[in-house]
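Hi everyone, thanks for coming. I'd like to walk you through one model today, so let's put it up on the screen.

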Amino acid sequence: MAAGEMKRFYTILGVLGVAGLAVIGYLVMRRPTISIPANVQVLPADTAGFRGYFLGSDSAPIEITEYADYQCPACQDFETVQMPSVEERLIQTGRVRWRYRDFPLDQIHRHTRVAAHSAACADEQGKYWDQHHRIYSWTPDWTTKSDPSGIFRDYAKAVGLDVPKYDACMESKKYAGRIEASSREGVAVGVTSTPTFLIGGRLYPGRMAFDEIKKLVDSLSPAPAAKP
Amino acid sequence: MKYRMAAALLSLAGFFVSLYLYLYKIGRIGTLACGTGGCETVQTSPFSRFLGLEVALYGVVGYLVLLVLSMDTLRRPAAAISSRLLLILSGAGLAFTIYLTYLELFVIKAICRWCVGSAVIITLIFIVALLDWRRRAAPPGSLSQ
């Protein structure tokens with residue numbers, strides 16, 4: 001083996017190694033692509049005509065408000081274990097209208113506002129609940145990441161959003177004020193933890209079981225008697 | 001020697017491809033450069049983990065070992081052990097890649113370009129390792145590089 005050939009080989013290997021490390025280093029050192037600020041000024045436009053994200057009929061006799069945080073394990077548990085029964089037996093039957101409000105716990109959940117903003121951007125395209133369910137269902141995949149915005153973007157693709165529109169929405173951070181307003185509303189009504197449910201004017205902190213919610217709903221508005 | 005050099009360069013390239021996918025998977029890189037969108041589907045599928053670890057991590061470690069072995073074959077041309085291990089390990093890597101490609105095509109039904117890139121790399125490493133092994137095993141003068 002000629003020494004010149006070995007030298008050329010080591011040169012190519014070195015160049016490839018340095019170039020590869022440089023590219024990987026650049027990708028890792030980049031700042032997170034999106035961060036949603038908490039110290040944002042809430043403008044009237046942020047809340048005008050917006051009370052939250054709704055599921056169910058306007059004419060349902062009972063409205064339940066859920067204050068929740070996308071990164072909170074109890075909220076995720078409620079969403080994936082209890083909520084399907086709530087949807088099927090209380091919301092789809094017209095007995096309950098569900099109102100979801102963001103209550104980000106910033107001190108312990110650094111990605112919660114990005115998640116909330118991602119869902120808000122999906123709402124623009126009429127797919128709030130698809131993105132909402134996806135974010136909650138796949139929590140273990142993004143919650144420990146240093147930058148989950150790419151993963152939320154993948155979910156946006158998967159639920160069928162127009163991705164360039166979604167990207168523009170996320171980059172604009174236009175719903176940061178709405179999320180903060182939602183958080184302040186929670187504080188104003190006395191929410192201190194997530195999830196907390198507002199049912200019939202009373203707050204119920206903690207993960208509720210479907211049976212507990214149904215019992216409360218039955219007591220506030222008895223189920224219509226079955227027709228003979 | 002050219003086969004071994006090729007194996008080393010390919011192993012280094014494979015290492016960076018796997019490292020890129022692994023860093024994405026653990027959230028150190030925001031988005032994957034993947035025109036088809038299939039990369040995200042594959043990387044967020046349950047099959048992106050194997051025996052409790054990220055599949056990409058097997059790639060990172062595997063390619064690093066292949067790189068060390070191929071460098072050792074260059075450093076000690078007469079020693080058979082490294083070139084034998086290079087052939088065995090690249091063969092195992094190729095078999096695992098065939099399994100992963102089957103999952104992509106028929107189970108996940110999405111193709112990740114970076115995974116295809118890694119599949120091409122491990123196939124080439126296996127081919128050059130095989131050619132190197134044949135050259136070693138052949139009587140002197142019967143085969144040439």
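Let me start with a small puzzle: which residue in β3(A) does E63(A) stand opposite? The partner is R97(A). Before going further, please keep in mind that this is a predicted model.

Let's stay with the strand β2(A), which covers residues 62-68 of chain A. It is largely enclosed by the rest of the structure, because six of its seven residues are buried. On one side, β2(A) runs parallel to β3(A), residues 96-102, and seven bridges join the two. Helix α3 of chain A, residues 73-91, belongs to this picture too: together with β2(A) and β3(A), it makes a right-handed β-α-β unit. β2(A) also pairs with β4(A), residues 196-199, this time in the antiparallel sense and over four bridges. There, T65(A) has L198(A) as its bridge partner.

Now for the charges. Over all chains, a search of the whole structure finds 19 salt bridges. E63(A) and R97(A), our opening pair, both belong to a salt-bridge network that also links R51(A), D58(A), R99(A), R101(A) and E185(A).

Some individual pairs are worth a look. R95(A) forms a salt bridge with D218(A), with the closest N and O atoms 2.9 Å apart. This one links distant parts of the chain: R95(A) sits in the loop between α3 and β3 of chain A, D218(A) sits in helix α10, and 123 residues separate them. R95(A) is buried at 10% relative accessible area, while D218(A) counts as partly exposed at 25%.

For a local pair, take E180(A) and R184(A), whose closest N and O atoms are 3.0 Å apart. Both lie in helix α9 of chain A, four residues apart, which is about one turn of the helix. E180(A) is buried, and R184(A) is partly exposed, at 44% relative accessibility.

Over in chain B, R4(B) and D132(B) meet in a salt bridge at 3.0 Å, N to O. Here the link runs from helix α1 to helix α5 of chain B, across 128 residues. Both side-chain partners, R4(B) and D132(B), are buried residues.

Last stop, for the dockers among you: the largest pocket. It holds about 610 Å³ of space. Its lining has 30 residues, and V55(B), G59(B), F96(B), T97(B) and L100(B) lie nearest the centre. By class, that lining splits into 18 nonpolar, nine polar and three charged residues. Which helix gives the largest share of the lining? That is α4(B), with 10 residues.

Thanks for listening!

How values were computed
Residues numbered from 1 in each chain as written. Chains lettered and ligands numbered in written order. Predicted model: local features only at pLDDT ≥ 70, side-chain atom pairs only at ≥ 80, totals over all residues. Heavy atoms only, no water. 1 Å grid on protein atoms, 1.4 Å probe; cavity = no way out; pocket = protein on both sides within 12 Å on 5 of 7 lines; lining within 4 Å. Points joined across faces, edges and corners; volume = space filled by probe spheres on them. Nonpolar A, V, L, I, M, F, W, Y, C, P; charged D, E, K, R; others polar. Buried < 20%, exposed > 50% of the residue type's maximum accessible area, 1.4 Å probe, protein only. Pairing = 2+ DSSP bridges. Right-handed = clockwise from strand over helix to strand, strands pointing away. Salt bridge = Lys/Arg side-chain N within 4 Å of Asp/Glu carboxyl O.
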